[in-house]
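Look at the sequence and the 3D structure shown here. Questions with short answers follow.

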Amino acid sequence: MKDNIVVEAENIKKSFGDNVVIKDISFNLKELEHLAVMGRSGSGKSVLIKSLVGLIVPDSGKLNVLGENILDMDDDDIDVIRRQVGYLFQGGALYDSMTVERNMKFPLRRHPDKPSESEIKDLVDETLENVGLLETKKKYPSELSGGMKKRIALARTLIMRPKIMLYDEPTTGLDMITSAEISELILKMREEYDISSIIITHDVSCVELTSDRVIILGEGTSLAEGTFEELSNSEDKDIRSYFTMIHKKK
Amino acid sequence: MKVPFSVKKIIYVHLVEFFDKVGQIVHFSGRFFKDLFTPPFEWQEILNQTFTLGYKSFPLIGVTAFIVGTVFTMQSYPTMASLGATSWIPTMISISIVREIGPLITALIFAGKVGSGIGAELGSMKVTEQIDAMKVSGTKPINYLVVTRVIATSLAVPLLVIYTDLISFMGSYFALSREKDITLSLYLNQVLNSLDFQDVIPSIFKSFVFGFAIGMVSCYQGFYADKGTKGVGKAANTSVVISSFLIFLIDLIMVQIVNFLFN
């Protein structure tokens, strides 16, 4: 982990009508750091992560990604930042009318500095091989299992060689074995591609395996921040309760 | 009389929703026209969409056009016969079909079949976060999904209108030849001789505008579909309803413009 800050959020607030989802959240992410964000459903985790790529615009606050204040940017400028930030959606969000290969090629072919077709082919093969799914190239997303879809979706974001990865509940909806495989893949990819990441998850095992630091969100604000060890052994039983699953397992 | 607070609040909420929608439409249209002239240009995708959307509509539009031509002739024959003007039927049919019925029938069928399909397709992409996935990878979904489809619908409708006109003429000849001794070449000769520039060009231009409106409305509805399967259904349904209404509205405006320019 380095000292450079790649994401800096200050006093972020967001409401939808009368529903205040984020009251006041500030945090930062250092280069090559892996931050897990935990919290109950509706605590604003997904809203927070979507704000980082401009899918949701906060009502107020400051949001710097890779040194740029994305709240002041127009659509074209923010696209430049987006190409350096990978986002793994909860459901994978693979383009269902395209084969796996076309899914992988799509962001590269639409890139302003589009590589040659042979370079694109090599990148697709290399990245698919890294997630262990080279043989699925000609398949459509509907022919893949939930775990495979997540791995392909991860490969599709990694093919852009992002500096930051955002994972929105990467193991939700998967069985325990596949969840563990995805967590290990996240770990492998961070080592392979030298990326910083923010992982939104309820999965305690995933947090323990992949994160350097954990933030717990609740009631629209940050309830606690620390390493996995610090928070899972917290004196506050409410904070400890977020980790009870793993305590029970142990 | 004192207006209850809840009524004020309801009006306020509706006004906010209305202006929010207007803002959304302006942003969408602005983005569309910007992306229309911004690379990358997806020629292959435009060709694919034009072929797929047009090809999909061929059988339904063909059958409907034939029936319309047949029925129109069968309905008008007795009146024309009583006036001793059956020889004018090909002329009447050609002008009414080329100027009005062909573009209108084609656009309405196209809105029902293709407009709802586009609304549902993009709506489902929105619900499953595929559009968001395109956004976050910086691949400009409006450029790829909307521009290609709107160009495709704008090209497909005029082509289908020409097809509709031809098939309607065949339907009309089928009905007329049962009542009257007329050869196909004489019939087509009369049909084509009665048409001129001011019948054909405005009709093609009108069809282009119909196609553009269907594409824009359907893409907008799909692009901003509400979450959930209900949102997809609503996007498909609203695409058809608004497109159909706009087709009549555009028709009305275009008739005024054509009359002003040519008469």
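Q: In which loop is A:Ala93 found?
A: Helices (H or I, at least four residues) and strands (E, at least two) are DSSP runs, numbered from the N terminus. On that scheme A:Ala93 belongs to neither kind of run, being found in chain A in the loop between strand E6 (85-88) and H3.

Q: Which pLDDT do local features need in this predicted model?
A: Residues are numbered from 1 along each chain as its sequence is written, while chains are lettered from A and ligands numbered from 1 in the order in which they are written. In this predicted model, totals for chains, interfaces and linings use all residues, side-chain atom pairs count only at pLDDT 80 or more, and local features need pLDDT of at least 70.

Q: Does A:Ala93 count as buried or exposed?
A: A residue is buried if 20 or more other C-beta atoms lie within 10 Å of its own, exposed if 12 or fewer, and partly exposed in between, with C-beta atoms placed from the backbone. A:Ala93 is not a glycine, yet it has a positive phi of about 55°. Because it has 24 C-beta neighbours inside 10 Å, A:Ala93 counts as buried.

Q: How does A:Leu66 count, given its 17 C-beta neighbours inside 10 Å?
A: A:Leu66 sits in the loop between strand E4 (60-65) and strand E5 (68-69) of chain A. Its phi is near 50°, a positive value in a residue other than glycine. With 17 C-beta neighbours inside 10 Å, A:Leu66 counts as partly exposed.

Q: Is A:Glu191 buried or exposed?
A: A:Glu191 has its place in helix H6 of chain A. Only 9 other C-beta atoms lie within 10 Å, so A:Glu191 is exposed.

Q: How are H5(A) and H6(A) set to each other?
A: Axes are lines fitted to C-alpha atoms, for helices over the stretch in contact, and angles run from 0 to 180 degrees between N-to-C directions. The axes of helix H5 (residues 146-158) and helix H6 (residues 176-193) of chain A come within 10 Å and cross at roughly 15°. Angles under 35 degrees count as roughly parallel, over 145 as roughly antiparallel, 65 to 115 as roughly perpendicular and the rest as oblique. H5(A) and H6(A) are therefore roughly parallel.

Q: How many charged residues are in the contact of H5(A) with H6(A)?
A: H5(A) brings A:Gly147, A:Lys150, A:Arg151, A:Leu154 and A:Leu158, and H6(A) brings A:Thr178, A:Glu181, A:Ile182, A:Leu185, A:Met189 and A:Tyr193. Ala, Val, Leu, Ile, Met, Phe, Trp, Tyr, Cys and Pro count as nonpolar, Asp, Glu, Lys and Arg as charged, and the others, Gly among them, as polar. By class, the contact of H5(A) with H6(A) has six nonpolar and two polar residues, and the charged ones number three.

Q: How are H3(B) and H6(B) set to each other?
A: In chain B, the axes of helix H3 (residues 89-127) and helix H6 (residues 184-193) come within 8 Å and cross at roughly 50°. H3(B) and H6(B) are therefore oblique.

Q: How many charged residues does the contact of H3(B) with H6(B) have?
A: B:Pro90, B:Thr91 and B:Ser94 in H3(B) meet B:Tyr187, B:Gln190 and B:Val191 in H6(B). By class, the contact of H3(B) with H6(B) has three nonpolar and three polar residues, and the number of charged ones is zero.

Q: How many residues of chain B are in contact with chain A?
A: Two residues are in contact if their C-beta atoms, placed from the backbone, lie within 7 Å. The 14 residues of chain A that make such contacts meet residues of chain B numbering 13.

Q: How many helices does chain B have?
A: From the N terminus on, the elements of chain B run α-α-α-α-α-α-α-α. Chain B has zero strands, and its helices number eight.

Q: Where does UniProt place the feature "transmembrane region" in chain B?
A: UniProt positions are given in the numbering used here, feature names are shortened, and annotations may be inferred rather than shown by experiment. One span in the model, residues 89-111 of chain B, is 100% helix and 0% strand, with its end C-alpha atoms 30 Å apart. The unreviewed UniProt entry places the feature in chain B at residues 58-77, 89-111, 142-163, 204-223 and 235-262.

Q: In which loop is B:Pro40?
A: The peptide bond from B:Pro39 to B:Pro40 is cis, with omega near 5°. In chain B, B:Pro40 has its place in the loop between helix H1 (5-36) and helix H2 (43-82).
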